[in-house]
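Please open the model in your viewer and keep the sequence panel beside it, so that each selection can be followed in both places.

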Amino acid sequence: MSQPVSPRPFRFGVNLMTPAPADEWRAKCRRAEELGYDVILVPDHLGMPAPFPALVAAAEATERPRLGTFVLNAGFWNPALLAREVATTDALTGGRLELGLGTGYVRAEHDTAGLPWGSPGERVDHLRHTLQELERLLASGEHQPQPVQKPGVPLLVGANGDRMLRLTAEHADIAAFTGARTVPGSATGQLAPITAEELDERVARYGELAAGREEPAELNLLLQMVIVTEDREAAVQPFLERIPDLTLDEILALPIGLVGTLAEITQQVLAQRERYGFSYLTVLEPYMEAFAPVIERLRGK
């Protein structure tokens with residue numbers, strides 16, 4: 001009789017999105033470390049900090065946290081130039097880098113940058129090419145500079161659709177689920193949440209595609225809100241107007257939102273690891289402080 005598999009221990013990351021001068025940026029990173037975050041992350045959007053220099057500065061200000069991109073827009077990057085950035089950043093952070101990649105989802109940013117947008121299929125094709133080239137270049141002993149980590153920098157891929165889930169199953173050490181999908185026709189990357197049942201299906205589909213892997217990936221979920229409150233229903237009332245397709249109960253059940261007392265939120269996080277396998281959770285910068293007591297309660301579990 002096989003033994004039950006123990007759940008993977010929790011890790012917690014914070015995605016720092018607000019630009020800041022050097023002293024303020026370093027203080028923010030030190031605060032994330034003090035609060036117990038395991039990973040300091042930076043996104044890849046125009047109007048937000050440039051990912052790689054921001055992570056190098058974060059490394060200089062901290063000692064313990066890993067440092068990651070969450071996630072790079074592959075459409076902004078040439079694979080050879082990206083390989084140079086990744087290897088340099090891994091070296092300058094002392095081997096603390098985790099590389100997150102996705103297709104990008106904000107057409108307006110491509111228009112502003114004068115970069116082609118392409119069809120969804122073309123964006124996935126470009127990401128596949130980028131992943132293959134990064135693996136080839138960074139695994140080569142000839143490539144300079146060399147990353148510090150061996151056998152390589154851990155790779156996270158953010159995915160929701162079938163082709164992206166397949167890429168994630170094939171390449172990623174960390175499978176990141178957004179818990180949302182892009183609203184069709186939105187140039188600004190407007191996202192609509194998917195229900196708990198829809199996420200069940202997406203995670204199950206990933207599991208099918210990843211069945212042949214030698215090592216299971218770590219599963220990540222991006223949390224869009226954390227609200228500590230005694231009155232859950234009152235706290236989500238404003239979202240009823242913004243998400244008219246969902247009922248109050250469905251909004252309260254959304255995996256990407258943690259709403260309730262600290263005890264209720266802690267139980268929700270444990271329940272989601274049991275249901276979906278999410279052991280690595282990322283919160284957005286505005287919720288960094290609110291989520292910290294949950295980290296304290298779940299440390300080592």
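This tour of a predicted model visits a group of strands and then a helix.

Begin by selecting strand β2, residues 39-42, where both faces are covered: V39 and L41 are buried on one side, while I40 and V42 are buried on the other. In a regular strand the side chains alternate between the two faces of the sheet.

Next, add strand β1, residues 11-15, which pairs with β2 in the parallel sense over 3 bridges; to find one such link, look at N15, whose bridge partner in β2 is L41. If you follow the chain from β1 to β2, you pass through helix α1, residues 22-34, and this β-α-β crossover is right-handed.

Now select strand β3, residues 66-69, which runs parallel to β2 and is joined to it by 4 bridges, and there you can find L67 as the bridge partner of I40. The chain travels from β2 to β3 by way of helix α2, residues 51-61, in a β-α-β crossover that is again right-handed.

Finally, move to helix α7, whose 14 residues, 196-209, reach 20 Å from the first C-alpha to the last, close to the 20 Å expected. Which residues of α7 are buried? Colour A196, L199, R202, V203, Y206 and L209, which are the buried ones; seen down the helix axis they fall within an arc of 140°, so they line one face of α7. Among the elements that cover these buried residues are α6 (162-171), β10 (218-223) and α10 (262-276), whereas on the other side of α7 E197 and E208 are exposed.

Definitions and conventions: Residues are numbered from 1 along each chain as its sequence is written. This is a predicted model: local features need pLDDT of at least 70, side-chain atom pairs count only at pLDDT 80 or more; totals for chains, interfaces and linings use all residues. Side-chain values use heavy atoms; hydrogens and water are left out. Helices (H or I, at least four residues) and strands (E, at least two) are DSSP runs, numbered from the N terminus. The expected span of a helix is 1.5 Å times one less than its number of residues. Buried means under 20% relative accessible area, exposed over 50%, partly exposed in between (1.4 Å probe, protein chains only). The arc is that of the directions from the helix axis to the C-beta atoms. Contact means heavy atoms within 4.5 Å. Two strands pair if DSSP finds at least two bridges between them. A crossover is right-handed if, with the strands pointing away from the viewer, the path from the first strand over the helix to the second runs clockwise.
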